[in-house]
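Trainee: I would like to learn how to read a model in which chains and DNA strands come together. Could you take me through one, feature by feature?

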Number of protein chains: 2
Amino acid sequence: MNIGEASKATGISVKMLRYYEEIGLVRPALRAYSGYRVYSDKNIETLRFVRRARDLGFQVKQIAALLDLWQNGSRASADVKSLATAHVQELEQRRRELDEMIATLEHLAHHCHGDHRPDCPILQSLGAEETAPQKSTRKKAPRPTFAVA
Amino acid sequence: MNIGEASKATGISVKMLRYYEEIGLVRPALRAYSGYRVYSDKNIETLRFVRRARDLGFQVKQIAALLDLWQNGSRASADVKSLATAHVQELEQRRRELDEMIATLEHLAHHCHGDHRPDCPILQSLGAEETAPQKSTRKKAPRPTFAVA
DNA sequence: CTGCACCCTCCTATCGTGGGAGGGTCAAGT
DNA sequence: ACTTGACCCTCCCACGATAGGAGGGTGCAG
């Protein structure tokens, strides 16, 4: 199996297949006489594991750890689980941040009439003197002047 | 105001202040005789705008567009709104992806006993032959062999 | 006048991904 | 056999946003 076929079989781009090998995430593929990389079914299986882990948002270092555990018959499932739950917490943290951004933006967009007039609460909020948006700390509309970079 | 004070005043690191200038997001700061950058209150105001936009997850290019609109008195609020809502949709897309990852991982982790034994559904799912996790397409436990990279 | 905090530029790295140049290999069709 | 087109190789560059450091100048306070 050449690298192009391996790419189709795994869903990993040719570029990334070479990259994963280069950084040592997977062992270097065997080479044909021509210098072409040759992939076995086992290689493909490993690479699919890698792709699935990536699809779940794991970083390369974490995938390396998962691969180790996967290939180590004497692993403890607790190790895998702690890796996974730590990752879940990171993802949840990111989701919380996204949620906050979305909530703020939706609030602002909702209050923006969105017509031809220049008046816009979105820009007003971004340009406001105080950091906190929609806080009671806000004095009565401290209109910022139009600044120059 | 020197760059260090500007950094404290805006919450943008010194490194990033220089970077934003370099890439043309903000106009180059004036220079003192010594070569030190000098920031005016207006500069600070602009930079705070930038930081708030960044806090809302806007990319630098989008922030440039927002700055343009902010500084352009004849803008239409519709332009700002469409920029904001497009951004919201992107954030929501990312959140959906996160949600999916989290759901899958939590499901898997929940089914992993997490003890000293090696048996672990997380690894089994990552190593499964079929792409789709927990699908009815799954034949009865096609246990993958332990692959070699 | 010395020392320390600060500033300057320039270079490097991160992380995962893609693009391209310049060149070799393979298989199929003429 | 020869050509052609699809593939493969390595090596380098780019991104986006951020941080770190080296090597050197500036400014102020003791």
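Mentor: We will go through the relation of the two chains, their contact, one helix and the surfaces near the DNA. Please keep in mind throughout that this is a predicted model.

Trainee: How are chain A and chain B related, and what turn lays one on the other?

Mentor: One superposes the copies and then looks at the turn and the shift that are needed. Here a turn of 180° with a shift of 0.0 Å along the axis lays chain A on chain B with an RMSD of 0.1 Å, and the two copies are therefore related as by a two-fold rotation axis. Within chain A, the C-alpha nearest that axis belongs to A:Arg95, at 3.1 Å from it. The same surface serves both copies, since 100% of the contact residues of chain A recur in chain B.

Trainee: How many residues does each chain bring to the contact, and which helix of chain A gives the most?

Mentor: Chain A brings 57 residues and chain B brings 57 residues. On the side of chain A that touches chain B, helices H3 (41-55), H4 (60-71), H5 (77-110) and H6 (121-127) of chain A each supply at least two residues, and H5(A) gives the most, with 20 residues. Sorted by class, that side of chain A has 31 nonpolar, 13 polar and 13 charged residues.

Trainee: Which residues of H4(A) are buried, and why do they lie on the same side of the helix?

Mentor: For this one asks which residues are buried, and then in which directions they point from the helix axis. In H4(A) the buried residues are A:Ile63, A:Leu66, A:Leu67, A:Leu69 and A:Trp70; because they cover an arc of only 165° around the axis, they are on the same side of H4(A). The face turned away from that buried side carries A:Lys61 and A:Asp68, which are exposed. Among what covers the buried residues of H4(A) are H3 and H5 of chain A, together with helix H6 (121-127) of chain B.

Trainee: Which residues come nearest to DNA strand D, and which are closest to DNA strand C?

Mentor: There are 19 residues around DNA strand D, and A:Asn2, A:Gly4, B:Ser34, B:Gln59 and B:Val60 come nearest. Helices H1 (3-10) and H2 (14-22) of chain A and helix H2 (14-22) of chain B each give two or more residues to that surface. DNA strand C is surrounded by 19 residues, with A:Ser34, A:Val60, B:Asn2, B:Gly4 and B:Arg37 the closest. By class, the surface near DNA strand C has 8 nonpolar, 6 polar and 5 charged residues.

Note on methods: Residues are numbered from 1 along each chain as its sequence is written. Chains are lettered from A and ligands numbered from 1 in the order in which they are written. This is a predicted model: local features need pLDDT of at least 70, side-chain atom pairs count only at pLDDT 80 or more; totals for chains, interfaces and linings use all residues. A residue is near a molecule or strand if its C-beta atom, placed from the backbone, lies within 6 Å of it. Helices (H or I, at least four residues) and strands (E, at least two) are DSSP runs, numbered from the N terminus. Ala, Val, Leu, Ile, Met, Phe, Trp, Tyr, Cys and Pro count as nonpolar, Asp, Glu, Lys and Arg as charged, and the others, Gly among them, as polar. Two residues are in contact if their C-beta atoms, placed from the backbone, lie within 7 Å. A residue is buried if 20 or more other C-beta atoms lie within 10 Å of its own, exposed if 12 or fewer, and partly exposed in between; C-beta atoms are placed from the backbone. The arc is that of the directions from the helix axis to the C-beta atoms. Copies are superposed by least squares on the C-alpha atoms of residues with pLDDT of at least 70 in both.
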